[in-house]
Amino acid sequence: MRSSCPAGSRRVATPSLHPIALAVAVFTFSPAWAQTGTAAVQPAEQTPVSAPDELVQEPKALGSITISGARESASTRLPLTPRETPQSTSTVTRAQIERQSLTSIDAVLRNVNGIAVSFYDTQRPLYYARGFQITDFQTDGLPSYSSSTNQEFDTALYERIDIVRGANGIQTGVGVPSATINMIRKRPQREFAASVALTAGSWNLYRGELDLNAPLNSDGSVRSRLVVAPQKKESFRDRYSEDKTALLAAVEADIGQSTVVALGYQRQSNDPKAPIWGTIPRFATTGVPIDLPISTSFSPSWTRWERTSGTLYATLDHQLNDDWSLKPR
């Protein structure tokens, strides 16, 4: 059979190669190629270079570190960690109080999960947990007088606030099903420390805090602490204002290696002017919204509700062993 091609073109014969033959050829020559390529990239042998003597430093030994700690109970008066406590617990530390400017127990409880807040009036908010009103307030693990004005306790006097949600009758008598609020006072420390804080805010809020911790001898076995926190503020409500002063003075001493005694005095004064007693109605007798301004107050300027509380306390802590301690109060 004859084939024709266009003029000016040239035919090139292309030999055909069977696939099996092509595979055999690749398998035969690939090891040699790989060995040649590997030999070509092998680096030349190098002599290690030693660092100069002046750059070589001897390792430094670290100094000794002593860590001491204590088990802190969460309102159960038992040496249990929060993980070992059967109830749900929350702790508001001193760092959180200062970072968020939580200057009262009311401000603290508003920032704790699981607690709902309601109001009678300006001086009497109500707190609920698990559907029940919270009436159990403690100071250093001891039940304190629980009235409708516990929210006005100033947090400048306390190191932390522990909240236990649920019945807490293990060591506190009849446990309420809502929650227990335990306020842990500040204690004197062995090292000297002092801090001053000034605050200014809306509605003519002015506040100062002085916290002075001073050891009374060279080794700090006798030490003292003084905390003073005055505050003045007005409000968006007509005629309402409040002056508040909180004070804590304490002396602590070591008696031997296992016993610590302390004597302190705590005082707080609240003097609100034109406080609201009860609520402001939102609806008229006909059921129509009144739409009163938010600043509305029915209290005259001469009304007062001054309250002053003072507590003189003494404590003795004796550590019997690693697990048991004696704390008569």
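Does Lys 232 count as buried, partly exposed or exposed, and at what relative accessibility? In this predicted model, Lys 232 has a relative accessibility of 47% and therefore counts as partly exposed. The residue is a useful point of entry, since its side chain leads to a salt bridge, and the strand that holds it leads on to a pocket.

Before following that path, it helps to have the whole protein in view. The chain folds into three helices and 15 strands, and of its 329 residues, 32% are buried. Among the contacts with a separation of 6 or more, 61% are between residues that stand 24 or more positions apart. The accessible surface comes to about 22,100 Å², and carbon and sulfur atoms account for 57% of that area.

Returning to Lys 232, its side chain meets that of Asp 243 in a salt bridge, with 3.2 Å from N to O. This pair links distant parts of the chain, with Lys 232 in strand S11 and Asp 243 in strand S12, 11 residues apart. Asp 243 counts as partly exposed because its relative accessible area is 25%. Side chains of opposite charge can pair when their charged atoms come close.

Strands S11 and S12 are also linked by another pair, in which Glu 252 forms a salt bridge with Arg 223 and the closest N and O atoms are 2.8 Å apart. Here Glu 252 belongs to strand S12 and Arg 223 to strand S11, with their positions 29 residues apart in the sequence. Both Glu 252 and Arg 223 are buried, whereas Lys 232 is partly exposed.

The count of salt bridges in the model comes to 16. One of them joins the side chains of Arg 185 and Asp 140, at 3.1 Å from N to O. Arg 185 lies in strand S8 (residues 179-185), while Asp 140 lies in the loop between strand S5 (136-139) and strand S6 (142-143), so the pair ties together parts that are 45 residues apart in sequence. Arg 185, at 9% relative accessibility, counts as buried, but Asp 140, at 22%, counts as partly exposed, because the buried class takes in values under 20%. Elsewhere, Arg 94, Glu 98, Asp 154, Arg 207, Glu 209 and Lys 244 are linked in a network of salt bridges.

Strand S11 also leads to the second largest pocket, which encloses about 1,100 Å³ of space. Its lining is made of 43 residues, and those closest to its centre are Thr 103, Ser 104, Ala 107, Gln 231 and Lys 233. Two or more lining residues come from each of helix H2 (94-99), helix H3 (105-109), strands S9, S10 and S11, and strand S12 (241-255). Within this lining, S11 gives the largest share, six residues.

Strands S9 and S10 appear again on the surface, where Phe 192, Val 196, Leu 198, Leu 210, Leu 212 and Leu 226 make a nonpolar patch of about 600 Å². Strand S9 (193-201) and strand S10 (205-215) each supply at least two residues of this patch. Leu 212 has its place in strand S10, and at 32% relative accessibility it counts as partly exposed.

Past strand S10, the chain enters the loop that runs between S10 and strand S11 (222-234), and Gly 220 is found there. Although Gly 220 is in a loop, it counts as buried because its relative accessibility is 0%. Leaving aside residues up to four places away in sequence, Gly 220 touches Arg 190 and Pro 215. Gly 220 and Pro 188 are separated by 32 residues in sequence, and their C-alpha atoms are 9.6 Å apart in space.

A further loop residue, Gln 123, is found between strand S2 (116-119) and strand S3 (125-129). With a relative accessible area of 1%, Gln 123 is buried. Its C-alpha atom is separated by 8.0 Å from that of Glu 152, a residue 29 places away along the chain.

Definitions and conventions:
Residues numbered from 1 in each chain as written. Predicted model: local features only at pLDDT ≥ 70, side-chain atom pairs only at ≥ 80, totals over all residues. Heavy atoms only, no water. Patch = residues over 30% accessible without salt bridge, like charges linked within 9 Å, V, L, I, M, F, W, Y side chains within 5 Å. Areas by Shrake-Rupley, 256 points an atom, 1.4 Å probe, with all protein chains shown as cover. Salt bridge = Lys/Arg side-chain N within 4 Å of Asp/Glu carboxyl O. Helix = DSSP H or I, 4+ residues; strand = E, 2+ residues; numbered from the N terminus. Buried < 20%, exposed > 50% of the residue type's maximum accessible area, 1.4 Å probe, protein only. Contact = heavy atoms within 4.5 Å. 1 Å grid on protein atoms, 1.4 Å probe; cavity = no way out; pocket = protein on both sides within 12 Å on 5 of 7 lines; lining within 4 Å. Points joined across faces, edges and corners; volume = space filled by probe spheres on them.
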